[in-house]
Amino acid sequence: MEILLLFALAGGLAWIWNRMESLERRVVELEGAASLTGYTQPDRYEELLPLRDFTPSPRELETEPAEQEVTAPPPASTAEYAIPEVAEEMAEAEQSFATQGYRFRPGFDFEEIFGRLLPIWGGGIALAIAGFFLVRWSIDQGMLTQSVRVAMGFGFGTALLGAAELAFRFEHRVSDARVRQALAGAGLATLYASFYLAGTYYGLIGPTLSFAGLAGVTALAIGLSFRFGLPSAVLGLVGGFAAPALAGSTDPNLPLLATYLALVTGGLTVTGHRQRYPWLGVAALAGALGWGALMLMPGPLDNGAILAIGGYVVLVGTLLPAMLGTGPLGTIGRIVAAGLAVLQIAALVDQSGYSLLAWGCYLLLGAAISVLGITFTRLRDARAVAAALSVCLLAAWPEAPSAWLAAIAFANALLFAAVPLLHAWREDAGDVDWAQLALYPIALIAATCIQLNLALVGGQVLTVALAALGLAVLPAVGAWITRPSGDGDLIPGPFAAFASAIVMTMLGGLLAVPAWSAPLVVAVLAVPVSLLLRGRSGAMPEALRWGLGLAGLGLLLATSHWQETDLLFGGDGAVPEWLYALRWLAAGLPFAFLLADNPSVRARRLAEFLAAMLGYGAAAMLLPGPWLPIVVTVAVLGLAWRLPNFTTALATLLVLGTLWAAEPLAEWSIAGLEALSGEPFLLGDLPSLPEALRYIAPLAVGLGAAMLLGGGVFARHRRSGLAVTVSLALVVLHVCYKQLFEIADLARFTEMGLAERTVWQALLTLAALGLAKLASRRFAPAWTGTAVALVALVHFTVFSLLLHNPLWAEQSVGAWPIANLLLPSYGIAIALVFWLRPHLAAADRRLGVTCDAATMVLIALFSLSELRQLFAGNILLGPLSQQEDLLRSILAIAVALGFLGWGTRTGQRSWRIGSLALMLLAVFKVFIFDAAGLEGLARIASFFALGVCLIGIGWFYSRQLVGRRANEPDADIE
């Protein structure tokens with residue numbers, strides 16, 4: 001079964017090989033035929049018949065005329081029409097071939113495959129198998145000794161090679177190159193097997209001699225490939241790299257093995273290049289690098305082994321791949337080979353304990369890749385891999401001597417940073433060169449700091465700092481020699497080198513100065529960078545500016561002292577911390593430069609935010625905490641006046657001011673919520689007057705200035721912002737006002753509560769009238785006066801009318817009738833309702849009716865309170881006498897008559913309806929409550945008076961309604 005499978009695989013391979021050669025030959029023939037216009041050789045046409053199907057398509061058969069009329073051409077000379085007719089026929093033939101659907105069908109020649117091709121390859125394989133089975137049979141029968149078997153193998157292999165030579169010499173009789181290729185392949189395979197049996201299987205010869213024999217067969221195979229063709233080279237490839245394993249040595253001589261593998265790889269690579277089989281060279285390099293990995297496995301290596309492996313990897317990773325050619329396979333092969341060689345050399349450095357000899361091999365490999373990269377530009381990718389690994393090796397070098405570390409780092413810098421600079425000077429630098437020139441110096445300094453256990457910030461190691469500044473020269477020179485002229489566009493590669501020079505300079509500064517001054521290093525760099533990039537827009541300059549700014553911010557936060565944090569949140573410093581303030585200003589300087597260069601909208605907003613925060617931090621380092629809200633307000637005023645479009649900075653400062661005012665505002669708000677639930681608004685529940693003036697008042701001033709002068713979002717939300725400003729101002733005024741009456745306990749609240757609320761209500765009313773006056777002259781929005789008036793009315797309704805009304809709450813109103821606090825309290829509220837009525841009615845007529853109802857309720861309650869004051873005195877709480885209760889009913893009727901008179905006089909139906917409602921309530925009270933307590937004449941008199949009043953009211957309303965129906969409709973439909 002195995003034999004049949006081998007024959008089938010060999011037949012398939014041979015058939016594919018033959019078809020490829022036929023296709024190549026026929027393509028060449030077709031290209032030659034196409035150059036002949038209208039002429040085809042008969043024998044070539046017949047050869048093409050098996051591969052073409054010229055059967056017309058069904059569509060062509062349908063459109064072809066059944067009969068063709070033959071007409072004689074007009075009399076004319078042949079010379080006149082011959083050439084046009086031929087040209088026309090050729091054009092039609094071309095169009096027909098292109099459009100009528102002729103198809104290309106590969107043919108199948110039974111005789112070609114099974115008669116000529118497969119037997120030859122099968123014969124070669126059969127010979128090899130015959131030799132194998134012959135030896136096996138002889139062994140099984142015990143007919144041949146081990147030496148005889150091996151000798152027969154050598155003789156049979158040599159005979160096969162001799163037969164191949166005879167087939168080559170008598171090629172004119174054999175007429176097929178496959179005969180000699182099959183014979184040579186079988187002979188080489190037999191020789192490989194013979195040396196393997198002699199050395200490893202039987203032990204007739206030593207490992208060294210066996211290895212030498214296998215190497216000789218490999219060299220013979222490579223040589224015969226030039227005479228007999230590719231199969232010999234393939235056998236040389238497989239046998240050559242299998243020979244060291246087949247030799248059977250358990251302790252290989254690494255220098256000898258490396259030399260042998262290098263020679264095999266070189267021979268196969270040259271062979272593949274000369275015979276135009278680049279894949280053969282790639283396969284050889286793959287095998288060589290595989291052996292390189294195997295040679296690194298045994299363990300600790302001496303200097304000879306290090307030198308042998310290192311030289312071998314350098315050879316197969318750089319020099320030999322250069323022979324692969326310039327095609328795609330050669331390009332990929334070079335890159336992969338160099339990359340794998342770099343990995344193996346790096347493993348060699350680590351496995352050797354970072355010996356100087358291994359480092360020398362690594363540097364030699366890097367130099368070879370760099371030199372070859374001048375010719376093969378894609379090989380520079382492998383150089384980048386070598387650069388990255390060199391940094392890792394330097395960082396991982398255990399207990400590296402300082403002198404040798406500096407020397408190796410310097411040599412690596414020359415290879416992996418100076419060489420890209422050379423390409424930049426030659427103007428052939430690619431993206432990989434620019435990236436390496438920009439990144440390698442940074443990585444090298446980072447690896448040095450890791451190796452020496454140095455902190456990048458505050459290390460204060462002058463030698464490393466100078467090294468960083470020296471390395472910064474390389475990318476700086478690269479950026480300078482390729483700088484754009486004038487306002488030309490920035491190129492990404494040189495700009496990356498420029499950014500690298502900035503970063504390296506910053507690292508040098510950070511390594512040289514104390515940690516606290518790190519933000520100053522960034523600020524010093526921000527000045528020249530901003531000057532060099534002035535007027536440059538785009539993503540790259542903006543990214544560099546942002547990088548500097550964020551680096552300064554990060555360094556500020558990383559090196560901050562706990563005292564800075566305490567001062568930032570308002571801690572009391574004994575003296576101004578000028579150094580701390582300088583740090584915060586330095587961190588904010590890059591963002592200020594960024595704002596000057598007109599960045600994008602989002603970047604500008606973030607820069608404004610950070611600049612404002614850092615500026616505030618600088619102020620916090622110099623001033624005591626209580627002064628910071630005032631400083632914030634001054635900054636808001638300055639920005640709103642001079643830079644109104646810096647809306648994000650304004651908003652940031654206002655947020656800072658809000659944070660400072662948050663605690664007193666929360667204290668006032670909590671006390672206000674408790675007051676809404678009925679708890680007295682005592683002085684101890686409020687923020688102190690200094691707190692209100694120091695924190696809330698500056699916020700109100702700053703917010704008002706931002707709303708009036710600022711642009712952007714402040715202009716769009718000016719109305720709501722001013723409303724918040726007025727609210728903040730009212731909070732401050734309220735806290736100031738509460739100091740006047742000093743209501744600190746419940747007794748004081750009973751004595752002065754109504755007076756305090758009445759005066760506050762009067763002040764709000766005066767403010768509303770003043771704002772209305774300003775609005776009439778267009779000095780204030782029209783709605784401000786109305787809004788404050790409504791606030792005053794709501795304040796009276798909630799606190800004086802509902803929660804703390806003297807009728808049911810213990811509040812002092814005064815000892816004198818009429819001339820007491822009830823008159824101004826209710827009087828102001830009634831006046832406000834009268835003043836608001838036309839404004840509200842203009843918006844909605846139903847609001848006018850609501851104002852009339854509110855006025856009538858207030859007048860009724862005021863009258864009731866004054867009556868109660870006549871009997872109770874200063875405090876209206878107390879028992880209710882029968883006489884007072886009866887007077888309440890009479891008073892209600894009198895007030896109702898007054899409403900009726902006013903409604904009749906002004907023609908307002910709402911007042912008449914209110915009068916009627918109050919009158920009915922009074923009648924209900926008299927009948928249900930008052931009359932039940934009277935006896936005798938008093939009861940009769942009360943009913944008589946009530947009856948007269950009711951009759952009078954009814955008569956009056958009747959006259960009113962009849963008169964209105966006779967004359968005109970009621971004017972007051974409200």
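**Exercise 1. Work out whether the end-to-end distance of helix α31 agrees with the span expected from its number of residues.**

Solution. Helix α31 covers residues 746–776, which makes 31 residues, and at 1.5 Å a residue these should span 45 Å. In this predicted model, the end C-alpha atoms of the helix are 43 Å apart, which agrees with the expected span. A further step is to look along the helix itself, where α31 bends by about 60° at methionine 752. Finally, look just beyond the helix, since α31 is followed by arginine 778, whose phi is positive, near 65°.

**Exercise 2. Find where glutamate 742 and isoleucine 818 lie, and decide for each whether the residue is buried, partly exposed or exposed.**

Solution. Begin with glutamate 742, which is found in the loop between α30 (718–741) and α31. Its phi is near 50°, a positive value in a residue other than glycine. The relative accessibility of glutamate 742 is 52%, and because exposed means over 50%, this residue counts as exposed.

Turn next to isoleucine 818, whose place is in the loop between α32 (783–803) and α33. Here too the backbone angle is worth reading, for phi of isoleucine 818 is near 60°, a positive value in a residue that is not glycine. With a relative accessible area of 49%, isoleucine 818 is partly exposed.

**Exercise 3. Describe the ring pair formed by tyrosine 826 and phenylalanine 862, and say which parts of the chain the pair ties together.**

Solution. The structure holds 15 aromatic pairs. In the one formed by tyrosine 826 and phenylalanine 862, the ring centres are 5.9 Å apart and the planes stand at 50°, so the pair is tilted. To place the two residues, note that tyrosine 826 lies in helix α33 (residues 822–843) while phenylalanine 862 lies in helix α34 (residues 845–872), so the pair ties together parts that are 36 residues apart in sequence. As a last step, consider accessibility: tyrosine 826 is buried, with a relative accessible area of 2%, and phenylalanine 862, at 17%, also counts as buried.

**Exercise 4. Classify the pair of tryptophan 902 and tryptophan 911 from the angle between the ring planes.**

Solution. The ring centres of tryptophan 902 and tryptophan 911 are 6.3 Å apart and the planes are at 65°, so the pair is edge-to-face. Tryptophan 902 is partly exposed, with a relative accessible area of 36%, whereas tryptophan 911 counts as buried at 3% relative accessibility.

**Exercise 5. Identify which residues ring pairs link into a cluster, and which arginine lies over the face of tryptophan 480 and which over that of phenylalanine 646.**

Solution. For the cluster, ring pairs link Tyr354, Trp359, Tyr362 and Trp397. For the charged residues, arginine 483 lies over the face of tryptophan 480, at 3.8 Å from the ring centre, and arginine 604 lies over the face of phenylalanine 646, at 4.7 Å from the ring centre.

**Exercise 6. Locate leucine 880 and list its contacts, leaving aside neighbours within four places in sequence.**

Solution. Leucine 880 is found in the loop between α34 and α35 (882–906), and with a relative accessible area of 40% this leucine is partly exposed. Once the neighbours within four places in sequence are left aside, leucine 880 is in contact with Arg868, Asp885 and Arg888. For arginine 868, the separation from leucine 880 is 12 residues in sequence and 8.7 Å in space, taken from C-alpha to C-alpha.

Key. Residues are numbered from 1 along each chain as its sequence is written. This is a predicted model: local features need pLDDT of at least 70, side-chain atom pairs count only at pLDDT 80 or more; totals for chains, interfaces and linings use all residues. Side-chain values use heavy atoms; hydrogens and water are left out. Rings of Phe, Tyr and Trp (its six-membered ring) pair if their centres lie within 6.5 Å; planes under 30 degrees apart count as stacked, over 60 as edge-to-face and the rest as tilted. Buried means under 20% relative accessible area, exposed over 50%, partly exposed in between (1.4 Å probe, protein chains only). A charge sits over a ring if NZ of Lys or CZ of Arg is within 6 Å of the ring centre and within 35 degrees of the ring normal. The expected span of a helix is 1.5 Å times one less than its number of residues. The bend at a residue is the angle between axes fitted to the seven residues ending there and the seven starting there. Contact means heavy atoms within 4.5 Å.
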